[in-house]
Amino acid sequence: MYRHRSGEETPARSARLSRRVAIVTGISVAIFSVVFLRLWYLQVLSGDEYRELANDNRVREVRVPAPRGDILDRDGKVLVTNRTQLGLQVVPDDLPKAGADRKQVLRGLSAVTGMTPQRIESEIEEVRRISPTSPVILKRGLGAGKVFFLRENQNRFPGVTVERVFTRDYRQGTIGAHLFGNVGEVTAEQLKLPRYSSLEQGDTVGQSGIEYEYDRFLRGKPGSSRTTVDALGRPKGELRGEPARAGDSVRLTIDADLQAAGEGALGSFGLPGAFVAMDADNGEVLALGSSPTFDPAIFTRSITESQYKALVSRENDAPLANRAIQGAYPTGSIFKVITATAALDGGLITPEEIVNDPGVFQAPGDTRKFKNAGDAVFGPINMNDALKVSSDVYFYKLGFEADVPKGRGGVIQEWASRLGLGEPTGIDLPAETEGLVPSPAWRNRLFRQKLTDRRWTAGDNINLSVGQGDLQANPLQMAIAYAAIGNGGTIVRPHLAQGVESVTGEPLQDIEPAPKRQVEVPEAARQTIMTGIRRAAMEEGGTSYPVFGNFKVPVAGKTGTAERGVTESGLPIPDQAWYVALAPADDPEIVVAVTIERGGFGADSAAPVTARILEQYFEQPITPAVATGQAATE
Amino acid sequence: MEAARPLTLPGRRIAVGTRFNLAYFDGVMMAAALGLIAFSIFTLAAATADDIPGSPLYFVLRQGIYALIGLVLMFAVARVDYSRFRELRVGIYSIMIASICLVLVFGAAARGSRRWIELPYFRFQPSELAKLLLIVALAAFVIEHRRRGGDWRSTVRILAIGLAPAALVFLQPDLGTALVIGVITLAILFLSGVPWKHFAAIGGAVAAIAAIALVLAPAAGVPILKDYQQERLTSFLNPSDDPTDSSYQLRQSQIAIGAGEKSGRGDQASQTELNFLPEHHTDFIFAVIGERYGFLGAAFVLSLYALLVWRALRLLTFSKNLYGTLIAGGIAAMLMFQVFLNVGMNLGIMPVTGITLPLMSYGGSSVLVTLMAIGLLQSIHIQAQLASRDSRAPNPLLR
C-alpha cells in the first residue's frame with residue numbers, strides 16, 4: 001500500500017519512487033541474504049574445521065624430554081645418571097619478527113646468557129633451518145638469579161621460557177670415561193635414519209660409546225605438555241599432555257672397583273696406554289680403560305674448538321682415543337703364544353723338541369742376524385722353556401720355518417686370524433680398529449702400489465713370530481686370543497653390557513652375545529703353552545716372576561716389549577710395554593691385557609699394572625718376589 | 001549566524017507546537033534498537049572483563065552511559081518534526097563541514113589518523129555525526145534542486161555537496177566513513193528520482209576512480225591510498241599469517257566465528273579470551289558474538305538489524321513527504337551499508353575498513369549518532385502517523 005501524503009508528488013513521480021524503493025528493498029534483501037549465507041557457511045557447514053583451528057591457535061604442544069636411563073656397573077653401582085638443570089629456551093616463532101623490538105629482546109638475552117646477539121641469532125637460525133617450529137635451548141644451567149630475573153621480566157622476553165633440561169651426571173668422575181661416550185642433540189642427518197625414526201629435532205641421543213650403542217634402551221620416550229597460550233604466546237594454563245617415559249637403565253659387566261684400580265695403576269705411569277680385564281670364558285668386560293683420560297662431563301657443557309682439539313691432538317696423546325680398542329700396535333713377545341700354537345698345530349715342532357739358542361738367529365742364505373733382546377743366550381731349550389724366558393731365537397726359527405711367501409702366508413698368519421687378530425672384536429662400542437696381520441699378499445700388494453720399498457721376505461715372518469714389524473693389534477684383541485688359549489678355543493664376543501632394567505630395577509632383557517666361534521687348539525699345545533707362560537710368571541727366572549712370584553693365585557702371563565722404530569725426526573721411540581695374564585693358571589677366570597706406550601720392558605710397567613688389577617680382582621695382595629731392577633730380560 | 005548555533009536551540013524552537021505522543025512511536029523499531037544495545041552491553045560484559053585489569057566493567061559502564069544519553073537524545077530528536085530541519089540545511093551543512101575541518105586541524109591522532117576531538121570525559125568523532133547531518137542537509141538540498149528539475153547540473157551539484165565531506169573524511173584518513181558517506185549520497189540521489197543514465201555515468205566514474213586509485217596510480221608511483229589502506233582493501237583476497245597484517249585479523253575473525261558453530265562456545269571462546277581476535281570490543285565485536293553465542297546468537301543479532309532496516313525502509317513509502325522519504329532512505333542506507341561492511345569484514349568477505357557495527361561496537365560517538373538517527377526515523381514515523389490521523393479525522397482543531 002503506497003500512502004504518500006505529500007502534496008508535492010505527481011502520480012508519475014510516486015510510481016517512480018515506489019519502483020526505486022522496491023529496488024532499494026531488493027538490494028537490502030540481497031545483502032542480508034549474502035551475510036546470512038556466509039554466516040551459515042562458516043558456523044554450521046565448516047564450524048568443525050574452524051573449531052579445530054581455534055584450538056590449534058591456543059594450544060601449544062611442547063615436547064618434554066625423557067630422562068635417560070642410568071648406566072650401572074655389574075653390582076648396580078650408578079656410573080652415569082641425570083642431573084636436572086634449568087635451561088633458557090626460546091620459541092623462535094614467538095620472538096618479535098624483526099626491527100627494534102627483536103633487537104631489544106636479543107640484547108636482553110645476550111645480557112642473561114653472555115652470548116652475543118649475533119651468536120644467538122645464528123643458533124636460532126641453525127635450528128630453524130632443520131625444524132622451524134622447534135624451541136631452541138640457548139643455555140643450560142641457569143643460576144637462580146637469572147631464572148628469577150627472567151620470570152619477573154617475562155613481558156620483556158616474549159617467547160623466552162625457563163625449562164627443565166636433563167644433563168648427564170658422571171658419578172664416578174673420570175672413571176670409565178672412554179666407555180660411556182657423550183649424548184647430544186640428534187642431528188639432521190641422523191633423523192633421516194630408521195634408527196631415529198621416532199625422534200624429532202631437539203631430542204637427545206647417545207652420540208658415542210655405550211650411550212650410542214644402547215641408545216634405544218637409554219633414551220626413553222619424550223612426552224608432550226600442552227599449554228594454553230594467548231595471542232602473544234604467554235602461557236595461560238596447562239592441559240592434559242603425554243608424560244615422558246624415562247629411559248631404561250643399562251647394567252654393564254664393568255666392575256667399578258676393578259676399573260678404578262686399572263685406571264689408577266695405568267695412570268700412575270703418566271704414559272699413554274690401555275688395559276682390558278675380561279671374563280676369559282664369556283667375554284664380559286670387567287674393566288677397560290685408556291690413558292690419558294678426560295672428564296666425560298666436559299661434553300655436557302658447550303665445548304670450544306680449542307678444548308676439543310686438545311682432546312684429540314697428538315701432542316696431548318689424544319685423550320679421547322680409546323687405546324684398548326682403537327690402538328694399533330705391534331705386540332712384542334706376547335705374540336709368541338700365537339706362534340707357539342701355530343707351530344705345534346702345524347707340526348713344525350713338538351713340545352719337547354730341544355732347540356739351541358746361541359743368542360742369535362741367522363736364516364740360511366740371509367746375511368741379517370736376528371738377536372735376542374739384551375743379547376741373552378739361553379742355550380738348549382724346549383718350547384715351555386722358551387716361553388718362560390721368552391727366547392726370541394727359538395721363535396725366530398719357527399717364524400722362518402713357517403714362512404709361506406705367497407698368499408695369506410703360513411700357519412702363523414692363519415692362527416693369528418683364527419684367534420681374532422686383524423678383525424673387529426665385535427665389542428659393543430663404536431669405532432674399534434681391526435688391526436693388521438701382515439701377510440705376503442698384503443705386503444706385495446703395497447709394493448705393487450709403490451707404497452713400500454720391498455716385497456715380502458722370510459724376515460717379515462721372522463719378525464711376526466715375535467710380534468714385531470708390521471703387526472697391529474689392540475689390547476682387547478690380545479685378551480681375546482689369550483682367553484681362547486685359556487678356555488680351550490672359544491673366541492668370545494667381548495661385551496660391556498649384561499642387561500637392561502627398568503627404572504625400578506626390574507630386569508627387562510639380558511645381553512649375552514654368543515661366542516664368535518670355536519677354534520680347535522690341540523690340548524697338548526694348550527698345556528705346553530699354559531705351562532710355559534705360567535712358569536714365566538711363577539717360576540724363578542721367568543720374565544715376570546719378580547712381579548707375580550709371590551702371588552697366592554697362580555698366574556700365567558707373558559711379557560712383551562715392542563720396538564716402535566724412530567720418530568719422524570729420526571729419534572728412537574722407546575719400546576712399548578705389554579703384558580697379558582690369565583688367572584688362575586689352572587682354570588683361567590680372568591684375562592688381563594695391558595699395554596703402555598714408551599713403557600719399556602713389559603715386566604717393568606705393563607706387568608705391575610696387571611698385578612694391581614689382579615690384586616683387586618682376587619682381593620689378594622701381591623708383593624714383589626725379587627727386588628726390582630733384577631728383572632729378567634726377554 | 002544561524003550556522004554557528006547549537007543544534008538544540010533551533011530544535012527547541014521548532015518543537016513548539018509539535019504534538020508528541022509515545023503512542024505514535026514505531027514500537028518494533030524501538031525494540032530492535034533496544035535489543036541491539038542490550039546485546040552489545042551483554043556481549044561486552046562477557047568479552048571485555050579481563051581487558052582492563054581491576055575494572056572488569058570498564059567498557060560495560062561506559063557503553064551503558066552512552067546508551068542512556070543516546071536514548072535521551074533519541075527521544076529529543078523524535079519529538080521534533082524533522083520537516084523543520086529543511087530550512088536549516090545550510091547551517092547544518094556548514095556545522096558538519098566545520099567539525100570535520102576542526103578534526104583535521106586539532107584532532108587527536110590515533111594509529112596514524114586524526115578522527116577525534118578530545119572533550120572532557122569524551123572523545124568525539126565528528127565524522128560519525130557528519131553522516132547524520134549530511135543526510136538531513138543533503139535530503140533538503142535535493143528537494144530544492146528537484147523543484148528546478150532533474151537535470152545534469154543539479155545531479156552534479158548534489159554529488160558535489162555529498163562528496164565534499166566524503167573527501168574531507170578521507171583525508172583524516174578514514175576510508176570507511178568516506179565510503180559510507182558516498183553510499184548515503186548515492187542512496188539519496190537514487191531515491192530522489194535521478195534518471196538512470198545519470199546513475200550509469202556515476203557508476204562509470206566510480207569504477208574509473210577505483211581503478212585509478214587502486215591500480216593505475218600506485219603503478220605510476222603516485223599513491224592515492226595509504227599503503228595500509230591499499231593492503232586492507234586487497235588483503236582479504238590474499239590472506240597471510242603475519243599478525244601485524246590485516247589479513248591476519250580477518251583470518252582470526254573467521255576462525256572465531258566458525259569455531260562458534262551452531263550454539264557458541266560461551267566462556268570457552270578462546271579466540272576472544274586469549275586475544276587472538278584484535279579489537280574485539282569495537283570493529284570485531286560481531287566475531288565475538290559469533291564465537292560466544294554461535295549461529296543462534298549471530299543470526300539473532302543479524303535479524304535485529306534486518307528488522308531495523310526493514311522498519312526504516314518501510315518509512316520510505318510511509319513518510320508524509322519526500323523529505324522524510326529521503327532522510328529515511330539515507331539512514332537506511334547508512335545502517336545497511338555499515339552492517340554490511342562490518343559484518344562482511346568479520347565474515348571475511350569484505351575488506352578491513354574500520355567501520356563500527358551500529359549500536360553493537362563499543363564507542364560513544366557511534367552509539368549516540370545511531371540512536372539519534374533512530375530518533376529521526378521515529379520522528380518521521382510519528383509525523384506520518386499524525387498526518388495520517390489528521391487526514392482521516394477532520395480538522396483536529398474541531399475535536
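# Exercises on a predicted two-chain model

Of the 399 residues in chain B, 60% count as buried. The model is predicted, and the exercises below work through parts of both chains.

## Exercise 1: Chain B as a whole

Task: Describe the make-up of chain B: how many helices and strands are there in chain B, and what share of the exposed area do carbon and sulfur atoms supply?

Solution.
- Step 1. Chain B has 14 helices and three strands.
- Step 2. About 16000 Å² of chain B is exposed, and carbon and sulfur atoms supply 66% of this area.
- Step 3. Among the contacts in chain B with a separation of 6 or more, 73% are between residues 24 or more positions apart.

## Exercise 2: Two residues of chain B

Task: Place B:Val215 and B:Gln249 in their helices, and decide for B:Val215 whether the residue counts as buried or exposed.

Solution.
- Step 1. B:Val215 is found in helix H8 (residues 196-219) of chain B.
- Step 2. The relative accessibility of B:Val215 is 52%. The cut-off for exposed is over 50%, so B:Val215 counts as exposed.
- Step 3. B:Val215 helps to make a nonpolar surface patch of about 360 Å², together with B:Ile212, B:Leu216 and B:Ile224.
- Step 4. B:Gln249 lies in helix H10 (residues 246-259) of chain B. Its relative accessibility is 21%, so B:Gln249 counts as partly exposed.
- Step 5. With neighbours within four places in sequence left aside, B:Gln249 is in contact with B:Pro278, B:Phe284 and B:Val352.
- Step 6. B:Tyr305 is 56 residues from B:Gln249 along the chain, and the C-alpha atoms of the two are separated by 24 Å.

## Exercise 3: Where the chains meet

Task: Describe the interface of chain A and chain B, and state which element gives the largest share of the side of chain A that touches chain B.

Solution.
- Step 1. On one side are 41 residues of chain A, in contact with 56 residues of chain B.
- Step 2. The area buried between the two chains is about 4500 Å², with 65% given by carbon and sulfur atoms. A:Arg20, A:Phe32 and A:Gln43 supply 16% of the area that chain A buries against chain B, more than any other three residues.
- Step 3. Ten residue pairs are in polar contact between chain A and chain B. The rule finds one salt bridge across the interface. A:Arg51 and B:Glu261 form a salt bridge, with their closest N and O atoms 3.5 Å apart.
- Step 4. On the side of chain A that touches chain B, the elements that give two or more residues are helix H1 (11-45), helix H2 (47-58) and strand E8 (223-229). H1(A) gives the largest share, 20 residues.

## Exercise 4: A covered helix in chain A

Task: State how many residues of helix H18 of chain A are buried, and which elements they pack against.

Solution.
- Step 1. Helix H18 (residues 458-465) of chain A has eight residues, and seven of them are buried.
- Step 2. The buried residues of H18(A) include A:Asp460, A:Asn461 and A:Ile462.
- Step 3. They pack against helices H13 (336-345), H15 (392-402), H16 (411-418) and H17 (440-448), and against strands E14 (360-362) and E15 (369-371), of chain A.
- Step 4. In H17(A), the residues A:Pro440, A:Trp442, A:Arg443 and A:Asn444 are buried. H16 and H18 of chain A are among the elements that cover the buried residues of H17(A).
- Step 5. Consider what follows each helix. A:Gly467, just after H18(A), has a positive phi of about 75°. After H17(A) comes A:Lys450, with a positive phi near 60°.

## Exercise 5: Salt bridges in chain A

Task: Compare where the partners of three salt bridges of chain A lie, starting with A:Lys336 and A:Asp392.

Solution.
- Step 1. Side chains of opposite charge can pair when their charged atoms come close.
- Step 2. A:Lys336 and A:Asp392 meet in a salt bridge at 2.6 Å, N to O. The pair links distant parts of the chain, helix H13 and helix H15 of chain A, 56 residues apart. A:Lys336 counts as buried because its relative accessibility is 0%; A:Asp392, at 7%, also counts as buried.
- Step 3. A:Glu401 and A:Lys397 meet at 3.0 Å, N to O. Both lie in helix H15 of chain A, four residues apart, about one turn of the helix. A:Glu401 is partly exposed at 35%, and A:Lys397 is partly exposed at 24%.
- Step 4. A:Glu423 and A:Arg517 form a salt bridge at 3.0 Å, N to O. A:Glu423 is in the loop between H16 and H17 of chain A, and A:Arg517 is in strand E20 (residues 517-518), 94 residues apart.

Notes:
Residues numbered from 1 in each chain as written. Chains lettered and ligands numbered in written order. Predicted model: local features only at pLDDT ≥ 70, side-chain atom pairs only at ≥ 80, totals over all residues. Heavy atoms only, no water. Patch = residues over 30% accessible without salt bridge, like charges linked within 9 Å, V, L, I, M, F, W, Y side chains within 5 Å. Areas by Shrake-Rupley, 256 points an atom, 1.4 Å probe, with all protein chains shown as cover. Salt bridge = Lys/Arg side-chain N within 4 Å of Asp/Glu carboxyl O. Buried < 20%, exposed > 50% of the residue type's maximum accessible area, 1.4 Å probe, protein only. Contact = heavy atoms within 4.5 Å. Buried area = accessible area lost by both parts, 1.4 Å probe. Polar contact = N/O pair within 3.5 Å; in protein donor to acceptor, adjacent residues only side chain to side chain.
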